[in-house]
Amino acid sequence: MSSVTLRDLTKQYGGNAALSLDSVNLEVAHGEFVCLVGPSGCGKTTALRMIAGLESVTSGEIEIGDRVVNDLSPRDRDIALVFQSYALYPHMTVFDNMSFGLKLRKVPKDDIIAAVTDAARILDLEQYLDRKPAQLSGGQRQRVALGRAIVRNPAAFLMDEPLSNLDAKLRVQTRAEIARLHHRLGATMIYVTHDQVEAMTMADRIAVINLGKLEQVGSPRELYDSPANQFVAGFIGSPSMNFVPMHVESVDGGIRVVSAGGDIDVTLDDAESAMIRSAGVSDVVLGIRPEHIDNQPRTGRGLQMRASVEVIEFLGNDEHVHLSSGSHELVAIVDARAPLTIGDSLTLSASSEAIHLFHPETGVALK
Amino acid sequence: MTIDAPVKQSRVGRLAKRLHLSKTVVNVILGLVAIFWLVPTISLLVISLRPESLFGVSGWWKVFTDPSQLTFGNYSTIFSQGFATGGVLDSLLTSLEITIPATLLVTMISSLAAYSLVFGSWRGRDWIFFGIVGLMVVPLQVALIPVVQLYREMGNLFGLNPYGTIPGVIIFHVAFGLPFGIFLMRNFLTGIPRDLLEAGRIEGAGEWKIFYRIVLPLALPAIASLAIFQFIWVWNDLLVALVFLGGNVHSPLTIFLYDQTRSLAANYWIVSTGAVVSIFVPLIVFFSFQRYFVRGVLAGAVK
């Protein structure tokens, strides 16, 4: 196992003016599980394929362990890649699929058998070793793909959306399995996904990528609690954060931000007011997570809102309530036992800590 | 999860349903068509199994009322010469000498070329492929004389004239088999997911290992089809052999049969017997390659 470091990693495809990956810096520590997450086409898979050696590096450096691997062929990088499509060899049995890499490296036969049996036991594949991939279910194929990576005991595991072809139930199950596997092997893992739930549940740290740029790196909690910008704030969390454009007003020496129409207003404390002043903006974007909106009476600082109920989505334990506040649409998560009906007019609030404010043009978090 | 397998309907069953006919009627009609189609071949076989003396006397179908006419006499006569030059066995060997290398070379070179055209990353490979497809429309006949001249010129320049030799015929067949071979292989290989090659590459396989451990096993159905096509093509060729083997003492079966019809019009017993012999080899090739026609070779590779 070893660390993986990306330094100013940049990728430009021939003839394309836009960079597919723009100066990405990322350090994945030895044994760490890092998720690269972002919308499709953001460059996360490109980054992974560059680490694997399947794409050339336009500029920057990739370091695995203490070697710069830019010019090494994939097979000399000592990494394993689990493909989104699994990429199992259809003409080989499960055993042959898993042992292919070891055979190529001329590992002694006994060691191969030991390694494959071991991996098969961990992944519960022992009784399928003689089968061909076509005779396996989707989940089993996925495990074979994992097994193929495990047996080689590589410096780092790279995974490219390995769960996206599984059905929802199996995905949850396999998610836990991969997390367990990471724990057990103590392996360095870089995991690409577009699903923020996968990233949140498995990763030690998450790297959010958008349009080829690294937006923020941090633990799931950091990303959730203090997103660096509006993109990260909207990407992490489900349902995603509500954003409302607000106008900045001065009142009694302090600052208040109000939505167009005045249905939502937030009173800021002195420190927050100072921050808005120093940013020199007359407009801000308010961010508030659905789970932080409630109907507790609050006075003074924090958010106050008048809204009416448009749609109620019952989810068992709680409900997603789609609200309309003036010309703005918001979602709030409320207890399923709350007696709400469509058309109800509500007075809602949120605590000061739950409020995020973003720069109206750059999207950078002001608070 | 259990899903009831859909009730499988035979092809005849489906056809019967579509034509609003009973299955028996459809089977009888299909059987008649098959027999009608086989009449020339059956007649050939029967003629070869009747004595030479009866050929001009009565029709071959008389054998069905008088099975005692059947004899292997013709076969023992033509085989009795053994491998003597000009005999049927000598021609059979010559045919194999031409056909086997021509088939092997075409399948090998086509697979390699297709691999490079599909999975290579060099510039202009699509244009090269279009060029190769374009070559498929060049009729073989227009190239005969220029190639003969080319062979002669090679003789003048290097003292190595392939004209009149078996390698000369093989080279010609390979050259004219390649465009179609590359076309077929290329189109098949494009169906192999790139992920498989990349997985191999990461696991430590070099280009050559990827080719013969991953791509080639998956391409077996295409290789088998190509091999059968090319084999039958070359096996049945008369024109190229006639032009390029002129004067060679060994000639393939096609020339052997052609000589019989030309010189002695009454030699139908040799023609029919030789023709049956020449049908057998492609049949063996076809049936032994048939097991590679597996549907869904790529099943389970992805998703």
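**Exercise 1.** Find the bridge partner of C35(A) in β9(A), and describe how β3(A) pairs with its neighbours β8(A) and β9(A).

*Solution.* Step 1: I206(A) is the bridge partner of C35(A) in β9(A). Strands here are DSSP runs of E with at least two residues, helices are runs of H or I with at least four residues, and both are numbered from the N terminus. The model is predicted, with local features needing pLDDT of at least 70, side-chain atom pairs counting only at pLDDT 80 or more, and totals for chains, interfaces and linings using all residues. Residues are numbered from 1 along each chain as its sequence is written, and chains are lettered from A and ligands numbered from 1 in the order in which they are written.

Step 2: β3(A) and β9 (residues 205–210) of chain A pair in the parallel sense over four bridges; two strands pair if DSSP finds at least two bridges between them.

Step 3: With β8 (residues 189–193) of chain A, β3(A) also pairs in the parallel sense, over five bridges. In β8(A), Y191(A) stands opposite C35(A).

**Exercise 2.** State how far strand β3 (residues 33–37) of chain A is covered, and place C35(A) and I79(A) in the largest nonpolar core.

*Solution.* Step 1: Five of the five residues of β3(A) are buried (20 or more other C-beta atoms, placed from the backbone, within 10 Å of the residue's own).

Step 2: F33(A), C35(A) and V37(A) lie on one side, V34(A) and L36(A) on the other, and both faces are covered.

Step 3: The largest nonpolar core has 153 residues, and C35(A) and I79(A) are among those that touch the most other members. Such a core is a set of buried Ala, Val, Leu, Ile, Met, Phe, Trp, Tyr and Cys residues joined through C-beta atoms within 7 Å.

Step 4: Leaving aside neighbours within four places in sequence, the contacts of I79(A) include I51(A), L158(A) and I202(B); contact requires C-beta atoms, placed from the backbone, within 7 Å.

**Exercise 3.** Describe the side of chain B that touches chain A by count, helix and class.

*Solution.* Step 1: Contact involves 21 residues of chain B and 25 residues of chain A.

Step 2: α8 (194–203) and α9 (207–218) of chain B each supply at least two residues of this side. α8(B) gives the largest share, seven residues.

Step 3: By class, the side of chain B has 13 nonpolar, two polar and six charged residues. Ala, Val, Leu, Ile, Met, Phe, Trp, Tyr, Cys and Pro count as nonpolar, Asp, Glu, Lys and Arg as charged, and the others, Gly among them, as polar.

Conventions: Contact = placed C-beta atoms within 7 Å. Buried ≥ 20, exposed ≤ 12 C-beta atoms within 10 Å, placed from the backbone.
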